[in-house]
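Dear colleague,

Please find below the structure that I am passing on to you. My notes on its side-chain contacts follow it.

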Amino acid sequence: MDTRLAGIEVAGSTCAMAFPGIELLRVIGIFAVVIIHANAVGLFGEWKTTGFVLDELCRFAVPCFFVVSGFFWKTEAIERPWRAIGALAAKLLPLYAFWLLFYFAAEFSELFYPRLYGRDFIVALVPFSGGPGFHLWFLPALFIGVSLCWLSLRYVGAGLTVAACVLLYLAGVIFGTYGDLIGIHLPLVAYRNGIFEAPLFLLSGFMLRRYLPRFTTAQFALLGLAGLALHLAEGFAVSTSSLGHDYSFGTIAAAIGITGLATRLSHARDYGWGRDVLGAYLIHLFILKTVAAHLPVSGPLWALSIAAIVAAVSLGLSRLFKQTPVSRRLVALS
């Protein structure tokens with residue numbers, strides 16, 4: 001199985017040579033994710049509006065990871081989905097299980113930072129939410145979304161799959177993201193983690209690869225900017241805290257536009273760090289929580305500086321982990 005299915009890791013040099021801008025997008029994406037989580041752990045302090053805006057503007061990252069995953073789907077996986085899903089599970093689920101246990105151990109031991117995760121959680125939802133490693137939701141969401149899309153494409157065809165993904169996404173936005181405004185109160189895990197959000201982003205990446213030549217660089221740039229602006233505007237409408245929201249109507253346009261634009265950056269350089277983004281994604285929250293517990297909060301510049309350092313250290317650790325066959329399995333799918 002090609003490890004590019006993770007959207008945030010690449011198996012070898014072929015992808016980087018063909019689409020170097022996508023590798024750079026992965027690296028930019030991990031910095032954006034750390035900024036989102038810096039806001040989540042309170043590093044912006046009393047600068048809540050600034051933290052909120054930066055949080056919202058960085059929300060393109062994970063949607064782009066999904067789109068990139070779909071962009072590199074292989075036709076063999078769709079033609080023989082059950083075998084491909086089994087191979088994906090064999091690589092994704094052990095990785096997820098290890099980091100889930102790691103974050104539970106770190107959280108409840110309180111050796112590195114005070115426990116922030118409450119005891120009043122629903123155990124049944126932990127496999128989908130990531131528990132105290134709340135960023136880990138991406139992995140089961142990826143697995144669920146990929147599985148649904150592959151099976152649907154194989155057995156019902158592209159047309160019905162597109163329609164189903166659009167309807168699921170609209171349901172997630174209306175009853176999830178906009179739920180509070182219409183009197184429906186769903187937990188985040190119910191409408192974000194896999195079934196409603198991931199399929200359309202993944203399928204969009206698959207379709208983007210097919211129709212890439214039909215669009216200009218300017219069109220991708222305008223679509224990305226317009227989508228990001230709409231996402232931010234929707235954030236002010238739907239958010240009830242200083243935290244940004246995961247996805248809404250503007251997010252899909254932002255993710256497609258930004259990923260499409262990245263494919264046109266033929267001279268981009270990521271210096272090989274794109275291959276280390278998956279490991280950085282998995283470990284960064286531990287570093288960020290530890291730093292946040294021991295350093296004072298002093299405003300946006302401080303928060304952004306810490307986020308940049310944490311992202312860089314996480315990338316470095318990810319590369320370091322790959323130096324032995326055993327530790328490599330903790331940060332990579334291959």
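**Side-chain contacts**

K322 and D276 pair through their side chains in a salt bridge, with 3.5 Å from N to O. This contact brings together distant parts of the chain: K322 is in the loop between α15 (300–321) and α16 (325–328), while D276 is in the loop between α13 and α14 (277–294), 46 residues apart. Both K322 and D276 are buried. Please bear in mind that the model is a predicted one.

In total, the structure contains seven salt bridges. Four of the residues involved, D55, R59, R192 and D246, are joined into one network by salt bridges that share partners. Within this network, D55 pairs with R59, and their closest N and O atoms are 2.6 Å apart. D55 has a relative accessible area of 0% and is buried. R59 is also classed as buried, because its relative accessible area of 13% falls under the 20% cut-off.

The network also includes the salt bridge between R192 and D246, at 3.5 Å from N to O. R192 belongs to helix α10 (residues 188–192) and D246 to the loop between α12 (217–238) and α13 (249–263), so this pair ties together parts that are 54 residues apart in sequence. R192 and D246 are both buried.

Turning to the aromatic side chains, a search of the whole structure gives 26 aromatic pairs. One of them is formed by F66 and F138, whose rings are tilted, at 4.9 Å centre to centre and with 35° between the planes. F66 lies in helix α4 (residues 61–71) and F138 in helix α8 (residues 138–155), so that the pair links parts of the chain 72 residues apart. Both F66 and F138 are buried.

Another pair, Y169 with F201, is edge-to-face: the centres are 5.5 Å apart and the angle between the planes is 90°. Since Y169 is in helix α9 (residues 158–177) and F201 in helix α11 (residues 198–211), this contact ties together parts 32 residues apart in sequence. Y169 and F201 are both buried.

These two pairs involve members of a cluster linked by ring pairs, which consists of F65, F66, W137, F138, Y169, Y191, F201, Y247 and Y281.

A further contact combines a charged side chain with a ring: R319 lies over the face of W273, 3.7 Å from the ring centre.

With kind regards

Methods. Residues numbered from 1 in each chain as written. Predicted model: local features only at pLDDT ≥ 70, side-chain atom pairs only at ≥ 80, totals over all residues. Heavy atoms only, no water. Phe/Tyr/Trp six-rings, centres within 6.5 Å; stacked < 30°, edge-to-face > 60°. Helix = DSSP H or I, 4+ residues; strand = E, 2+ residues; numbered from the N terminus. Buried < 20%, exposed > 50% of the residue type's maximum accessible area, 1.4 Å probe, protein only. Lys NZ or Arg CZ within 6 Å of the ring centre and 35° of its normal.
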